[in-house]
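Please look at the model shown here, and then follow the account below it, which turns to one chain, its contacts and the nonpolar cores.

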Amino acid sequence: MKIVFKTARLQSGKSLQVLLGLLVAALGSLAFSPSAFAGSVDFEKHVQPILRQHCYRCHGETDDKGGLRLSRREAAFGTGDSGEPIINVGKPEESLLIHRIADADYGDVMPLDGEALSSQQIEILKRWIAEGAHWPDSAAVSRHWAYEPIARPDLPGVKHEGWIRTPVDHFILSRLDEEGLEPAPDQNRASWLRRVSLALIGLPPSPEEVDQFVNDNSADAEREVVDRLLASPRFGEKWAVGWLDLARYADSNGFQADQLRDSWAYRDWVISAYNQNKPFDEFVIEQLAGDLLPEATADQRIATGFHRTVTCNVEAGVHPEENRVNQVFDRVNTTGTVFMGTSMECAQCHDHKYDPFSQTDYYQLFAYFNNTPLEVKQTAGVTYDFYGPSMELPMEPEEADRRSELQAELAELKQQRDQRLKAADADYEAWLTDLRGKTEETDWQPVNVVDFKTTGGETWRELEDRSILITGKVPHTTTYTATVKSDLPRVTALRIEALTHPEIAGNGPGRGDPVRSNFILSEFIVTKTGGERDQKIELTAAAADYSQTRWEVPKAIDGDPSTGWAIGQEFQKPHWARFQLLKPISLAEDEQLQIEMVQNYGRGRTIGCFRLSAYSGDPLLLDVPEDLQKLAGNKKRSKAEEKKLRDHFNAADLQLARIDRQVKAVEKKLNALAPPTTLVMVEMDEPRKTCVLNRGDYLSPGKEVSPAIPALFQPGAGEYPENRLGFARWLVSNENPLLARVTVNRWWAELFGQGLVVTTEDFGSQGEPPTHPELLDWLASELRENDWSMKHVLREIVLSSTFRQSSRFTPELLERDPKNLLYARGPRFRLKAEVVRDNALAISGLLSDKMAGPPVMPYQPDGIWRSIGRNQPKWVTAKDEDRFRRGVYIVWKRDAPYTSLVSFDAPDRTACVPQRPRTNTPLQALTLLNDPAYAEMALGLTLRMLKESTDDSDHSRINRGFEIAVARDARPKEVEVLYGLLQSERQRVKEDPKLVEQRTGIKLPGFPEMDVNQQEAAAWFAVANVLLNLDETVTQE
Amino acid sequence: MHPAQIKFQQDLTRRYFLQKSGYGIGSCALASLFLQDAAAGTRENPLSPQATDFPARAKNVIYIHLVGAPSHLDLFDYKPELQKRTGELCPDEFFEGKKLAFIREQPTLLGTPDDKDFKFQSCGQSGMQISNLLPHLQTVADDITVIKTVTTEQFNHAPAQLFLLTGFGQFGRPSLGSWVTYGLGSENQNLPGFVVLITGQVLGAGSSAWGSGFVPTVYQGVEFRSQGDPVLYLSNPDGVSPGSRRDIIDAVNGLNQVHFSDVADPEIATRISQYEMAYRMQTSVPELMDINSESPEIHKLYGTEPGKTSFANNCLLARRLVERGVRFVQLFDEGWDMHGGVFNNLPRKCKQVDQPIAALLKDLKERGLLDETLVVWSSEFGRTPMAQGKNGTGAMTKAGRDHHKEAYSIWMAGGGVKGGYVHGKTDELGYAPVEKPVHVHDLNATILHLLGMNHERLTFKYQGRQFRLTDVHGHVVREILA
């Protein structure tokens, strides 16, 4: 099909508002009253939306595949390649347009890239052509609604002004008026209180709060309730959950080696920002670019954790740059979804097919986020660890003082260490010279044995090599005492060699067994004699060529005669042991050393032949590995080689060792004081170059780009710095109509269970148009004009009559509007996973109100955390109030998120989640019925029913259960059902007393005292179990 | 089932159904259309069986994923030339400009040992080559198609697992099993449609490997555990007998019924039916997991021991699951990542899986289930023909093989694939395909095709885009179809 038309630019004559209004009317009439089709089809109302959704992405303003722009009237009334008219006025059956969307005989059914048009839509197009295909001149080729500026609409008129409570109601009611529908009556007051409490703080009202409110007839009663809820610290805990889904906040890396990492301070920042009602523009700026704000505060930097929540693969062999690029992709895509309701991902590889974002746009956004460092660090080989910028959390002043003292101390010690090292420089040089000059052996000299005695009755003789050979009797135990002299000017070490000799049975060196010729040298004792008085010589640094396991050589100088040095397994070989003298000695003319070799193991494990030698050299020259000796000899040494030598030298420096011990001690204290950290964004000093990546492949860079806002919004845009802060400032500016719309829509969805734009995640042409576009824009302007106050907007919504309607379904509504898109009844939907749990904890009376801090681990079944990876974190079930804390504080491990939340559609938070699904499954039933955490909660509710009811009657207690669980009285039929259960359970418990112990034993330490009749509690437990499982209990209605 | 549930549908379910069947809910979502669909009973339950695009060859899938990636060169892709050149430096093009996970210096070639334990055998009528490490599998060679040229795009475990199983190397997409369950529903309403069985540690991709991404969570895999409750929270708390449980559920449903008659939300009717199903699962799942009822011959065939955690037990459970109409059964077996000591470790792991897998094929065949059950042996990638001599921290190890994405072998059996067929060919050193490469997207397209689904039509709209398992790629490998 080829169409050649020179088309004139169409003027955009109509205001968006009018167009939107028309669109809405179209939607309404189509979606809710098919009878409207009795009238004629209108181009702008009915036809254009279909073309825009299905055709314009290839045949519109941005693209003209086959040369066709269906957005232009001239083109649409032209002909195809075959000469067949595209739109043949009055003759749909002869129009190519219809053929191509409905008839496979004309080739693949259009659109080629998406879902086919519905038969209704085709019918509309056919009828429009049949009726003359009226395409008014005034019809504008407007931009997609979401990209038009936000205009504050006037409040539409309504038939019953009396129903209006807040401006929100104008928009809802005028629409209902058009549809000929009546709004539902108000929900009863108690149920409204439960609804608004669950909606705003995610917790039910207490029976006392219900009583007080129901009896408060003042005109301000509702407003007071709403103000109380908005001011509650529980507010932030509830609203943070949805935001943390968007921020894909979790406590672990994801992927293999899904280790935990700390960024919970960011989670707490979100909660606190909501509680403070931080203006939403600041909320956005601080999260995207808090680090770049002038004189950024700690809190503003913590906020940047928003984009440090991205998953990170640290499995061995990962390529860090690929990992980083994937993280930046995630940041760009998440930014698009969260702040612009736009899925940018398509434009990673090519221009967006449906929405006006080019691949260049994408990489210009990418450039904003491209200046952060790598987030994996190579630790060894191809092993990597997670790292990346983090900051220390602010400390208490006293701790901070103590810390700076220690830091000063450490600095002082390090200075001392440097001085010592400097002082030792000369010694080091001398040592090097020594090393070059001689080997260790040159300084060893056998001693002269001037006297020798044994206690075991052996005989002996001295051999030529100055060794002593023991002969004769082999006693069980013995002690050799050698008195020796040495010519050396000083002695710094002594050595005993245990030698083999053919005269020893089995060659030795031990005497007792020819095969296992071991010996045990129990003690080696040296005394200087011949002076004024004998002086015991202290030995240290024992070394040996070999020691038997558990008979290591230091045991020969440990003073314990039951331990010693042995050479088991290495029989029939010579061995040596060496002992350094703590202080070198010199022997005067008349002085000798008396060396005792105690060998009291027994069974003749004694030495058969030995030689004693003395050493006069520098002990530092002992045991210098050959390679170091060689290095010392080299004229040139690399830095690493020099360090190796110096390290060896330093290791023997006793003064240095003392300083190092002190350093260690201070460091230990400092570590204990170290504050927790949290992950933050930082900008590198040198920005990276950003290129378009062909097909999204980081190895295939294309043209270079600079940071810039999408071209769509560039005309008339202000000046912004080319960094994240500039981008954030643009996002919150009036130039970006998406942020406010997307945001208020999400809040609406949180309150009503669905957005005004049902596809909260997509405001593009493929998303749903808003059901109430004017209301969306009113809320968006209300947000902007009230200092971006979230609480202000929420108040307007929850105080409306719209929000106050009964959520009862009527047959008429089920037929006309099953999805409640018109809001002719109140919202009714299952609670979010975390709220299911928090609500049950509140009902059970167990809920902890402890806020903030590291994530908690309540009960979960064994074996959930068992993924591959190093240092796999362990699940340690909290034994204190932490197990009763709100769901928002539960640790979120991406490979295995908390199971009972997963049952209720909690995501794994590996990627941005704009909207959780809401399913209804048997696994949810099993969780609420059987999860030990819920069983414990049932016991908690049991206790409350038994203790809090007005009297001891079963009826009162059942009623109390209803008050607590669903904020209302029990209906007679309900009492009947539960009473029946209670009776049969009483019977069961009576017949089987061990049930009492089992049921009341479900509780863990920290559970309130069970000061009630245990048998009754066991029966009531079943009733509580039922109440926690009601559909109504897990539903905001 | 409660009558109300038949009349009404869950909002979401309807919406998803409509999207899938091509009725956009865009600007013209028609209430009457919803009700028509409801009346036609097309999908009162998101897991009810769905019509296929064309007649299916396979009804169910047993997908065995060998986590870490077995050394296919020592099991299926016999390379005498590689053996001959063991120890030579690998050709430059195997190394230069390539990204490898562990190897950092030009490596040497590593052939299969010349040893009877490692010898390849011509098997069955086709004479396909299978290693002596898999003696039992050798006996069923005529039932399997080996594809020797699977290629993937990721060379680290977790991303490659995600790529194979979700069609995308990052998180966020639905897994193969959830696509299948979403597309076909399940035949058994008392069991989940997608069941996961695991031996060893959980793979690096974690629960995302069987997650539902952006399709509704009812389609995610449910792990049946061999220790503790087979399904989480299946057993009653202490002190709650089956009798009590029945009474409690009756009371819950009774009260829900009372409330339903007041507020009339169809969701309540659905919840009533889900509590009934939960109750049924409390019986059906333990019954399913109890393999004591199997005959001694079966235990001998599989090498199963009731009460143990083993791959053999999981194979037998897989058969019991498909027998009961569970759509997609996924087995994960960890421990195949042999960077070092491949020739010590491979025989040990093969021994654990060889007999049970062959037994599974024989048993399915015996019961007439093999025709309708597709059995897949797969992994996230293969292993290099080059030796790896250092571990992750750089320490020397006995020879192993690194991750290899260019070509590796998988096999399929039953469910409409040929028996005794070898598809594709790699070069003489086993580095890359020389004939008929099969991309992961092609593999997934083929699996969907065997199940009667056109991979280009199995879509889910999310964020304004029609997502597919195969992205915008994938060709059905027609040569392997029986």
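What follows describes chain B, its contacts with chain A, and the nonpolar cores.

This is a predicted model, in which local features need pLDDT of at least 70 and side-chain atom pairs count only at pLDDT 80 or more, while totals for chains, interfaces and linings use all residues. Residues are numbered from 1 along each chain as its sequence is written, and chains are lettered from A and ligands numbered from 1 in the order in which they are written.

Chain B holds 13 helices and 17 strands (DSSP runs numbered from the N terminus, helices being H or I of at least four residues and strands E of at least two). Its C-alpha atoms fill a box of roughly 80 × 55 × 45 Å along the principal axes. Of the 482 residues in chain B, 63% are buried, that is, have 20 or more other C-beta atoms, placed from the backbone, within 10 Å of their own.

Where chain B meets chain A, 85 residues of chain B are in contact with 100 residues of chain A, contact meaning C-beta atoms, placed from the backbone, within 7 Å. Among the elements that each supply at least two residues to this side of chain B are helix H2 (11-20), helix H9 (266-289) and strand S17 (465-468), but the largest share, 11 residues, comes from H8(B).

The largest nonpolar core (buried Ala, Val, Leu, Ile, Met, Phe, Trp, Tyr and Cys residues joined through C-beta atoms within 7 Å) has 343 residues, and those touching the most other members include A:Val284 and B:Val61. Leaving aside neighbours within four places in sequence, A:Val284 is in contact with A:Phe339, A:Ala728, A:Leu731, A:Val732 and A:Leu739. A second, separate core of 39 residues includes A:Val491 and A:Ile567.

Technical notes
Two residues are in contact if their C-beta atoms, placed from the backbone, lie within 7 Å. A residue is buried if 20 or more other C-beta atoms lie within 10 Å of its own, exposed if 12 or fewer, and partly exposed in between; C-beta atoms are placed from the backbone.
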